[in-house]
Amino acid sequence: MNHLSDVTPLTPLDHLADVTPLTHPRLRSVVAAPRSAQPRPLDLRVRAQRIQIDELVVDDPRLVLAHARQAALDDPDTAEQLGYSPTAPLPLPAAAALLCALYETDALTAMGLRLTRHTTRVSASNQQTEPVSLVRSATPDQED
């Protein structure tokens, strides 16, 4: 009697059938709980430029000139940049420009100027793209 004849021959995959995967208990919890990653802001280096243009007309030239003379006394450096000198009268366009340089639009209405149109131009771009522009214009309601 041959002992080898009683043994069933093994197929190449039979030795893998009884193997059960071993998992380490400490590793199971680490694998099961994924960490949430904090979102990072994109760094695109956006450049934006906003230009606001107020178009005004002179409603009362004498009032504009009177306020501009006082403004020239209060801020002589700005007045000088606009062509004002103490020996020469301030022309109306320079007087209006001086007031616009020194005061907000709301204050200008009390100084003889009236807002006719307000335009805002905005352009934005990053370092790799051409600027995207937006122009918004508004005309104040006319009071009759």
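Start with the whole protein chain: its secondary structure comes to five helices and three strands. Coloured along the sequence, the elements follow the pattern α-β-α-α-α-α-β-β. Keep in mind that this is a predicted model.

**The whole chain**

Switch on a surface for the protein chain. Its accessible surface comes to about 12,400 Å², and 55% of that belongs to carbon and sulfur atoms. Of the 144 residues in the chain, 16% are buried. Next, draw the contacts between residues at least 6 apart in sequence: 66% of them join residues at least 24 apart.

**Helix α2**

Select residues 61–74, which form α2. The distance between the end C-alpha atoms of α2 is 20 Å, which agrees with the 20 Å that its 14 residues should span at 1.5 Å a residue.

Now show the side chains of V64, A68, A71 and A72, which are the buried residues in α2. They sit on the same side of α2, because they cover an arc of only 100 degrees around the axis. The general rule behind such a pattern is that an α-helix has 3.6 residues a turn, so residues three or four places apart point the same way.

Turn the view to the face of α2 that points away from its buried side. The exposed residues there are R62, L73 and D74. Turn back and ask which elements cover the buried residues of α2. Among them are β1, α3 (76–81), α4 (92–102) and β2.

**Helices α4 and α3**

Move on to α4, residues 92–102. The residues to pick out in this helix are A94, A95, A96, L98 and L99, which are buried. The cover over these buried residues of α4 includes β1, α2, α3, α5 (105–108) and β2.

From L98, step across to E80, a residue of helix α3. The C-alpha atoms of E80 and L98 are 9.6 Å apart, while the two residues are 18 apart in sequence. Is E80 buried or exposed? E80 counts as exposed, because its relative accessibility is 56%, and the cut-off for exposed is over 50%.

**Two salt bridges**

Hide the helices and look for charged pairs; the structure holds two salt bridges. In general, side chains of opposite charge can pair when their charged atoms come close.

Select E55 and R117 for one of these salt bridges, where the closest N and O atoms are 3.3 Å apart. E55 belongs to strand β1 and R117 to strand β2 (residues 113–125), so this pair ties together parts that are 62 residues apart in sequence. Both ends can be checked on the surface: E55 counts as partly exposed at 31% relative accessibility, and R117 is partly exposed with a relative accessible area of 35%.

Then select D59 and R114, whose side chains meet in a salt bridge with an N to O distance of 3.1 Å. This pair links distant parts of the chain, 55 residues apart: D59 is in the loop between β1 and α2, and R114 is in strand β2. D59 is partly exposed, with a relative accessible area of 47%. R114 counts as partly exposed too, at 33%.

**Q52 on strand β1**

Go back along β1 to Q52, which is found in this strand. Q52 counts as exposed, with 53% relative accessibility. Which residues does Q52 touch, not counting those up to four places away in sequence? The contacts are with H118, T119 and T120. Add S137 to the selection: its C-alpha atom is separated from that of Q52 by 9.7 Å, and the two residues are 85 apart along the chain.

**A nonpolar patch**

For the last stop, select L42, L44 and V46 and show them as a surface. These residues make a nonpolar surface patch of about 330 Å². L44 is in the loop between α1 (25–32) and β1 (47–58). With a relative accessible area of 43%, L44 is partly exposed, and it therefore passes the patch requirement of over 30% relative accessible area.

Terms used
Residues are numbered from 1 along each chain as its sequence is written. This is a predicted model: local features need pLDDT of at least 70, side-chain atom pairs count only at pLDDT 80 or more; totals for chains, interfaces and linings use all residues. Side-chain values use heavy atoms; hydrogens and water are left out. Patches are made of residues with over 30% relative accessible area and no salt bridge: like charges are joined within 9 Å, nonpolar side chains (Val, Leu, Ile, Met, Phe, Trp, Tyr) within 5 Å. Accessible areas come from the Shrake-Rupley method with a 1.4 Å probe; for residues, only the protein chains shown count as cover. A salt bridge is a side-chain nitrogen of Lys or Arg within 4 Å of a carboxyl oxygen of Asp or Glu. Helices (H or I, at least four residues) and strands (E, at least two) are DSSP runs, numbered from the N terminus. Buried means under 20% relative accessible area, exposed over 50%, partly exposed in between (1.4 Å probe, protein chains only). Contact means heavy atoms within 4.5 Å. The expected span of a helix is 1.5 Å times one less than its number of residues. The arc is that of the directions from the helix axis to the C-beta atoms.
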